[in-house]
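Reader: I've got a model to go through with you. Mind if I fire off some questions?

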Amino acid sequence: MKKESRKVIIAGNWKMNMTPSAAKSAIAETAALVAGKNGCEVVLCVPFVDIAVAVEAAKGTNVKIGAQNVHFEKKGAFTGEISADMLLESGVEYVIVGHSERRQYFGETDETVNKRTRAALDAGLKVILCLGEVLEERQAGITEEIVSMQTKLDLAGIPAEQMKDVIIAYEPVWAIGTGLTATPDQAEEVCAIIRRVVCGLYNNDVAEALTIQYGGSMNDANAAELLAKLDVDGGLIGGASLVPEKFAKIVDAAQA
Ligand code: PEP
């Protein structure tokens, strides 16, 4: 399979920004700007409390709604958590799992990332699985080992049939929210490593069909160069996704 036949996905991660009223207008604005841009899938991952208005505002547009986390149990005494079934019934199609901020601030481990991924896939959600090295790991020259290990641990026990609903977002932690972007060559190198590891875990067909995004200070100025790389099939965008005009320009860059 060639790069052109893989699904390109541009996803925004709003993080803890936008009240429901702000979300409603931001979705409407974004949807108007990306209307008819069918060269990629457009996803906005919103805070839990915004999901209802976001799903309503996105109806009839080409914007899909995602969540930013999901619990691995189906239901029960897990105060403050949200299950995959709750997300699905609320109209959510995608969920981010394993974002570095969850790993860094909320004790997320590869084991819990794997459990959340499996629960989300079993429920019928599409998962944007985030992984990537921290600065010290890059400086120590162990990026390949780190992302390979994360890929293997995070995908453990997931059958090949479910890989069609998995998107991997390579997000070097040192590039997230810092304004520092990986160079297109750095992004390509690691996305290609991830694809090779997935090939080893499954087979060439699964690896070649897998959408691998780059995330880390992607913006309207650098998106085209990053997205032109052979193994970069989209972007996960934080800061720039909060500004509809900037996000729409990234979607434009993915239309080629
Ligand atoms: C992210 O939140 O996944 C991200 C990549 O953020 P930013 O684009 O702001 O670096």
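Reader: Let's kick off with Ala35: which loop is it in?
Author: Keep in mind that this is a predicted model. Ala35 sits in the loop between H1 and E2.

Reader: And is Ala35 buried, partly exposed or exposed?
Author: Buried needs under 20% relative accessible area and exposed needs over 50%. Ala35 comes out at 47% relative accessibility, so it counts as partly exposed.

Reader: How far apart in space are Ala35 and Glu145?
Author: Along the sequence, 110 residues separate the two. From C-alpha to C-alpha, the gap between Ala35 and Glu145 is 41 Å.

Reader: On to Thr211: buried or exposed?
Author: Thr211 belongs to strand E7, residues 211-215. The cut-off for buried is under 20%. With 5% relative accessibility, Thr211 therefore counts as buried.

Reader: Which residue has its backbone oxygen 2.6 Å from a polar side-chain atom of Thr211?
Author: Skip neighbours within four places in sequence, and Thr211 touches Lys7, Ile9, Ile167, Ile168 and Asp233. The backbone oxygen lying 2.6 Å from a polar atom of the Thr211 side chain is that of Lys7.

Reader: Last one, helix H11: why do its buried residues line one face?
Author: The buried residues of H11, which spans 244-253, are Pro244, Phe247, Ala248, Ile250 and Val251. Looking down the axis of H11, they line one face because they fall within an arc of 155°. As for what covers them, the list includes strands E1, E2 and E8 along with helices H1 and H10. So the value behind that one face is the arc, 155°.

Conventions:
Residues are numbered from 1 along each chain as its sequence is written. This is a predicted model: local features need pLDDT of at least 70, side-chain atom pairs count only at pLDDT 80 or more; totals for chains, interfaces and linings use all residues. Side-chain values use heavy atoms; hydrogens and water are left out. Buried means under 20% relative accessible area, exposed over 50%, partly exposed in between (1.4 Å probe, protein chains only). Helices (H or I, at least four residues) and strands (E, at least two) are DSSP runs, numbered from the N terminus. The arc is that of the directions from the helix axis to the C-beta atoms. Contact means heavy atoms within 4.5 Å. A polar contact is a pair of N or O atoms within 3.5 Å; within protein, one must be able to donate a hydrogen and the other to accept it, and residues adjacent in sequence count only if both atoms are side-chain atoms.
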